[in-house]
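Here are my notes on this one, in the order I would walk through it with you. Have the model open as you read.

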Amino acid sequence: MTKDNSIYDCLIIGAGPGGLQAAIHLARYNRRVLLVDRGGGRTSHASHIVNYLGIKEISGRELIASGLEQAQHFGVEVIKDSVTSVEKNVVFIVQTPQGSFQSRFVLISTGAVDHQPRLRNLGRFFGRGFYTCVDCDGYLTTGKKLLVMGNSLNAARLSLGMKQMYTDDISLLLIDFTLPHDYEAVIRDENIPILFGEPVALLGEKDLEGVHLADDRVIKCQAIMATFGWHLNDSFLDGLSLDRDHENFKILTNSTNESSLPGLYIVGAMKTGHSQAIIAAGQGAVAAIDINRQLLEL
Ligand SMILES: Cc1cc2nc3c(=O)[nH]c(=O)nc-3n(C[C@H](O)[C@H](O)[C@H](O)COP(=O)(O)OP(=O)(O)OC[C@H]3O[C@@H](n4cnc5c(N)ncnc54)[C@H](O)[C@@H]3O)c2cc1C
């Protein structure tokens, strides 16, 4: 069978752990793979990943850099660009400012963006006292004086969970949010003080020492777990109608990570389920094996 070389076997959007693992698997089936990534992203912002099998500790940036090197070693083409749209006719057409690319399959691993409060010194303490992911960094708050902050019911739930798992010394700071009475009673029963205010700065030189509020109060703490919501990097999918969860948020897939649009696979934070680097990588491997199976049948 002759093969049209202007068409990729799989175009992968986003060099998160899921996209990279899929790229490595597909390249090792000698498939023609293009990976388009704009740089940055959630994994790159992780100063340390310590729950990845076989790796004691690695920065997110190092994990991505070594994954890119591994993928390129097996022949994956990589371009730095931002995808603006995906369409499907006979094949997929993926648009970026640099051009238009055609592919039989598309795999998306573009992740999400956490909403952060505007706080002075956030960069100094992000991942070093100021945390946003319990699954990733909750362990680091063990036995610490902890402040849970947020602007939704999630913050209240988080404070109860943190108390059960990591530390007794917890306060809850709510920003522009009032708790329903039943929740307030549960939190108070757990001896978690509830505070209200607008945080403006993190305090401390080397170690986190507290939070400065707009009304000049200071809340002392050694660690913060924050939850301010997040959004998906999915605006380039606006032209496609994909099945989503009951909140019309995350994208639904089948067990091999194929979405409701045949040939379009979703891995990582964009799809329903838990979001961790090792989970995204596993999803990438499953998707790649399934894409290859479908290519064998073409
Ligand atoms: C602070 C922090 C700490 C974390 N710590 C851990 C940890 O310890 N352990 C763990 O397992 N997980 C950790 N995570 C979570 C983990 O990084 C992600 O959940 C996981 O890697 C899944 O990411 P992803 O592949 O969905 O997306 P990402 O890793 O965010 O990658 C998405 C990629 O897609 C690119 N992209 C986005 N839009 C476009 C577009 N339109 N065109 C081209 N490219 C695009 C982005 O630039 C980025 O490179 C942490 C996350 C954060 C924020």
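1. Strand S6 (residues 99–108) is largely enclosed by the rest of the structure, because seven of its 10 residues are buried. Buried stands for under 20% relative accessible area, exposed for over 50% and partly exposed for what lies in between, with a 1.4 Å probe and protein chains only. Helices (H or I, at least four residues) and strands (E, at least two) are DSSP runs, numbered from the N terminus.

2. A word on the source: this is a predicted model, in which local features need pLDDT of at least 70 and side-chain atom pairs count only at pLDDT 80 or more, while totals for chains, interfaces and linings use all residues. Residues are numbered from 1 along each chain as its sequence is written, and side-chain values use heavy atoms, with hydrogens and water left out.

3. Which strands pair with S6? Strand S1 (residues 7–13) runs parallel to S6 and is joined to it by six bridges; two strands pair if DSSP finds at least two bridges between them. Within this pairing, Leu11 has Val106 as its bridge partner in S6.

4. Strand S5 (residues 92–96) runs antiparallel to S6, with five bridges between the two. Here Ile93 is matched with Gln102 of S6 as its bridge partner. The two strands S5 and S6 make a hairpin, with two residues between them.

5. Strand S17 (residues 264–266) is parallel to S6 and shares three bridges with it. Look for Leu107, which stands opposite Tyr265 in S17. As background for viewing, side chains in a regular strand alternate between the two faces of the sheet.

6. Now the ligand. It is surrounded by 35 residues, and the closest are Asp37, Gly39, Thr43, Ser275 and Ala277; a residue is near a molecule or strand if one of its heavy atoms lies within 4 Å of it. By class, this shell holds 14 nonpolar, 16 polar and five charged residues. For the classes, Ala, Val, Leu, Ile, Met, Phe, Trp, Tyr, Cys and Pro are nonpolar, Asp, Glu, Lys and Arg are charged, and the others, Gly among them, are polar.

7. Which elements supply the shell around the ligand? Strand S2 (33–37), helix H2 (42–45) and helix H8 (277–297) each contribute at least two residues, and H8 gives the most, with three residues.

8. For polar groups, check Thr43, where a side-chain N or O atom is 2.3 Å from an oxygen atom of the ligand. In Ser109, a side-chain N or O atom is 3.2 Å from a ligand oxygen atom. A polar backbone atom of Ala269 is 2.8 Å from an oxygen atom of the ligand. The protein covers 97% of the 1000 Å² of accessible area that the ligand has on its own, by the Shrake-Rupley method with a 1.4 Å probe.

9. How many disulfides are there? The count comes to one, where a disulfide is a pair of cysteine sulfur atoms within 2.5 Å. Cys133 is joined to Cys136, with an S to S distance of 2.1 Å. The link is right-handed, with 70 degrees about the S-S bond. Cys133 counts as buried at 19% relative accessibility, whereas Cys136 is partly exposed at 30%.

10. Why does Cys221 form no bond of this kind? Its sulfur is 19 Å from the closest cysteine sulfur, in Cys133, which is too far for a bond. Cys221 is buried, with a relative accessible area of 2%, and Cys10 is buried at 1%.

Notes. Polar contact = N/O pair within 3.5 Å; in protein donor to acceptor, adjacent residues only side chain to side chain.
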